[in-house]
Amino acid sequence: MEKSKELLDEKAIQRALTRISHEIIEKNKGVEDILLIGIKTRGIPLAERIARKIYEVENVKVPVGVLDITFYRDDLKHKSVQPIVHNTDVKYHVDDKIVILVDDVIYTGRTARAAIDAVIDMGRPKYIQLAVLIDRGHRELPIRPDFVGKNIPTSKEEIVRVLLEETDNNNLVLIEKN
């Protein structure tokens, strides 16, 4: 079998983000009190793209924050190197907001759990929702995204790589054998 296989090209990623944007608007009956928070690294450009799509439909600029969950991870004690700490940049109060966490891939659910902990430390949102480009299964926690671009069943030996123009100079989703 080949080492790497393309799952989504640029147009498929755009379609998935357009669908997620429309689902966010529909589920929340508009975009009032919505705050998008991108989880570092690739969740940030995805959140910004979703915000632009929402603006195209609703003519409302939805704020976008940046979340670094490094110190909220439950696997830090298993890593031998010091974590690299990035800044969390959420300039908006989360109290009584509909916070939508945005990430590229959901796998075990541990990143989402860490992000939820970080948001709760910032205040008390009305709701926390989760939007992901790819759901690859294998959850270890009872966490399910509210908005999914594409469900891709994988084996634990496979890796899903999301490449985005903003971070990787390309727009592709690949699956690779580990």
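**Helix H3 and the buried residue Asn28**

In the predicted model, helix H3 is followed by Gly123, a residue whose phi is positive, near 160°. The helix itself comprises 13 residues, 110–122, for which a rise of 1.5 Å a residue gives an expected span of 18 Å; the end C-alpha atoms of H3 lie 19 Å apart, which agrees with that expectation. Within H3, the residues Ala112, Ala114, Ala115, Ala118 and Val119 are buried. Because these residues cover an arc of only 160° around the axis, they are placed on the same side of H3. The elements that cover the buried residues of H3 include strand S2 (34–39), strand S3 (64–67), strand S4 (98–106) and strand S5 (127–135).

According to the UniProt annotation, taken from an unreviewed entry, a short sequence motif described as "PRPP-binding" covers residues 99–111. Over residues 99–111 the chain is 15% helix and 62% strand, and the C-alpha atoms at the two ends are 16 Å apart.

A further buried position is provided by Asn28, which is found in the loop between helix H1 (10–27) and S2. The relative accessibility of Asn28 is 13%, and since buried means under 20%, this residue counts as buried. When residues up to four places away in sequence are not counted, Asn28 touches Ile34, Ile98, Ile100, Gln129 and Phe147. With Gln129 the contact is also polar, as the side chains of Asn28 and Gln129 are joined by a polar contact of 3.0 Å.

Conventions. Residues are numbered from 1 along each chain as its sequence is written. This is a predicted model: local features need pLDDT of at least 70, side-chain atom pairs count only at pLDDT 80 or more; totals for chains, interfaces and linings use all residues. Side-chain values use heavy atoms; hydrogens and water are left out. UniProt positions are given in the numbering used here, feature names are shortened, and annotations may be inferred rather than shown by experiment. Helices (H or I, at least four residues) and strands (E, at least two) are DSSP runs, numbered from the N terminus. The expected span of a helix is 1.5 Å times one less than its number of residues. Buried means under 20% relative accessible area, exposed over 50%, partly exposed in between (1.4 Å probe, protein chains only). The arc is that of the directions from the helix axis to the C-beta atoms. Contact means heavy atoms within 4.5 Å. A polar contact is a pair of N or O atoms within 3.5 Å; within protein, one must be able to donate a hydrogen and the other to accept it, and residues adjacent in sequence count only if both atoms are side-chain atoms.
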